[in-house]
Structure formats: C-alpha cells, structure tokens
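Notebook open, coffee poured. I want to go through a handful of spots and write down what I find at each.

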Amino acid sequence: MAAAFIPASSQPFKLILGSSSVARKHILAEMGLEFEVMTADIDEKSIRRENPDELVTVLAEAKADAIMSRLNISDYQKEGDRPTLLITSDIEFHGIEKPTTKEEARQFLKGYSGSHVSTVGSVVVTNLTTGKRLGSLDKAEVYFHDIPDEVIENLIDEGVVFRVAGGLLLEHPLTLPFVEAVVGSSDSVMGISKDLANKLIQDALT
C-alpha cells in the first residue's frame, strides 16, 4: 500500500533537494513538498562500481556528502528548530549513463526502439539535525514501441537527451507516445520514486 504523502501546509520539517534536475523538482512538487535546491557538483564519472545497485547508492551518498561538506551542520542542530532533511538520488539505465555525443545518444535511443530498458534508482535521505541517514533502491522496466528515426533525431537536436541518464526523458512529449508499458513506477524512471522518497522521509524523522 502506498504511503500517504505529506502536504506542505503541515510539513513538520525543512527539506533540501540535492539536485538541479527539473524532473526531480517536479516530482517533489507533485508530492506537495516544500523544498530548497542545492547541487552536489561532483564528478560522477570518477566514481565507478561494477554493480549498478552499488553504483547508484554510492553516487547518491557522495552527492549528500558533497553538499553537507559545504554546510555548517551546527546551524541545523539548534534546539526548537524544525529538523532539516537532505534528499539525494541517482539513477542508472542498465549501466548506461548520460550520452556525451550525438552518435552515442542515437545509439541509446535506437536501442530502446521496439525493446525495453531496466532502471535502478537510489534515494538517500539524511537528517541534518540528528545525523540519521537512510537509503534504498527502486527498480523499474520500460517497454517501447518502435521509435521512428525522425523522432530520435528531433530529440537529439533538442539537446535534452544529453542532460539525463540513458538519454531517456520518459515524460517528454516526443517520447511518451512510444512508451508501451512501465513495470514499476514511472516517477522512479523519471528520477525519484515518490513512494520510496516519502517512506524514507518519514523514517528519517523517527
């Protein structure tokens, strides 16, 4: 059973989203959460793991550590203040990262056409007031109809594919008509699972 989301009007905590991702900001806003944004600015390619589950976990934790290193943590531990939570995340498309060239993006998108891709996402919530940190994984699969070459070229020309893991923006109006099915949660594929984020937030507060 999905956890009930916390309405912002009664939000008993402050929240920092450790990401500049438009999709992640949109997802947290859809959950009714109030938050500020900070970015980790880490070199993700310098952190490597063979296991995708381990990689996304280590990256989400590294993002949290990088942001915390720039904060004065004692400011968040004052008695009587609302607790402050930091939420970070990472997603991998079956080991595929953000494309760096048009040819790489074309290869990724053609690979999805008439096929499917598996995703694994990590969400980490750190309570800056208590020091408690929790994290977990969420997995999904996306099945695609055949994607016309013209659509692939339009996505590449637009440039958005270079800003997301796997070059895949599920909710993009050019992509969405060719999504046959999602096994798991579509918000997880977009960047952060609502149910998982909500559970970790609530657990981090107890």
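Before anything else, the cut-off I keep using: a residue is buried when its relative accessible area is under 20%, and exposed when that area is over 50%. I also remind myself that this is a predicted model.

**Entry 1: Val-151**

I started with Val-151, which sits in helix H4. Its relative accessibility is 11%, so I log Val-151 as buried. What does Val-151 touch, leaving aside neighbours within four places in sequence? I found Leu-174 and Phe-178. I then looked up the spacing to Phe-178: the two residues are 27 apart in sequence, and their C-alpha atoms are 9.9 Å apart.

**Entry 2: H4 against H3**

Since I was in H4 anyway, I checked how it meets H3. Helix H4 covers residues 149–158, and H3 runs over residues 102–112. A helix pair gets described by the angle and the distance between the two axes, so I looked up both. The axes of H3 and H4 come within 10 Å and cross at roughly 140°. That makes H3 oblique to H4, because only angles over 145 degrees would count as roughly antiparallel. The crossing of H3 past H4 is right-handed.

Which residues make the contact? From H3 I wrote down Lys-102, Ala-105, Arg-106, Leu-109 and Lys-110. From H4 the list is Asp-149, Ile-152, Glu-153, Leu-155, Ile-156 and Asp-157. Sorted by class, the contact of H3 with H4 has six charged residues, five nonpolar ones and no polar ones.

**Entry 3: aromatic pairs**

Next I searched the whole structure for aromatic pairs and got one. It is Tyr-112 with Phe-144: the ring centres are 5.6 Å apart and the planes are at 20°, so I call the pair stacked. Planes have to be under 30 degrees apart for that label. Where do the two partners sit? Tyr-112 is in helix H3 and Phe-144 is in strand E5 (residues 133–144), so the pair ties together parts that are 32 residues apart in sequence. Buried or exposed, for Tyr-112? Tyr-112 counts as buried, at 3% relative accessibility. Phe-144 goes down as buried too, with 2%.

**Entry 4: two residues of H5**

On to helix H5, residues 186–190, where I picked out Val-189. Val-189 has a relative accessibility of 3%, so I count it as buried. Leaving out neighbours within four places in sequence, I have Val-189 in contact with Ile-91, Phe-93, Thr-119, Ala-140, Val-142, Leu-170 and Val-182. I also checked Val-189 against Ile-42: C-alpha to C-alpha they are 22 Å apart, with their positions 147 residues apart in sequence.

Ser-188 is in helix H5 as well. Its relative accessible area is 3%, which puts Ser-188 on my buried list. Not counting residues up to four places away in sequence, Ser-188 touches Ile-91, Asp-138 and Ser-193. So Ile-91 turns up in my contact notes for both Val-189 and Ser-188. The C-alpha atoms of Ser-188 and Glu-97 are 16 Å apart, and the two residues are separated by 91 places along the chain.

**Entry 5: Ala-62**

Then helix H2, for Ala-62. Its relative accessible area of 18% is under the 20% cut-off, so Ala-62 counts as buried. Apart from neighbours within four places in sequence, I have Ala-62 in contact with Ile-42 and Ile-47. For a long-range check I took Glu-180: it is 118 residues from Ala-62 along the chain, with 34 Å between the C-alpha atoms.

**Entry 6: Asp-41**

Last stop, Asp-41. Where does Asp-41 lie? I placed it in the loop between strand E2 (36–37) and helix H2 (52–69). I flagged its backbone: phi of Asp-41 is near 55°, a positive value in a residue other than glycine. Asp-41 is exposed, with a relative accessible area of 65%.

Conventions. Residues are numbered from 1 along each chain as its sequence is written. This is a predicted model: local features need pLDDT of at least 70, side-chain atom pairs count only at pLDDT 80 or more; totals for chains, interfaces and linings use all residues. Side-chain values use heavy atoms; hydrogens and water are left out. Rings of Phe, Tyr and Trp (its six-membered ring) pair if their centres lie within 6.5 Å; planes under 30 degrees apart count as stacked, over 60 as edge-to-face and the rest as tilted. Helices (H or I, at least four residues) and strands (E, at least two) are DSSP runs, numbered from the N terminus. Buried means under 20% relative accessible area, exposed over 50%, partly exposed in between (1.4 Å probe, protein chains only). Contact means heavy atoms within 4.5 Å. Axes are lines fitted to C-alpha atoms, for helices over the stretch in contact, and angles run from 0 to 180 degrees between N-to-C directions. Angles under 35 degrees count as roughly parallel, over 145 as roughly antiparallel, 65 to 115 as roughly perpendicular and the rest as oblique. A crossing is left-handed if the near helix is turned anticlockwise from the far one by less than a right angle, and right-handed if clockwise. Ala, Val, Leu, Ile, Met, Phe, Trp, Tyr, Cys and Pro count as nonpolar, Asp, Glu, Lys and Arg as charged, and the others, Gly among them, as polar.
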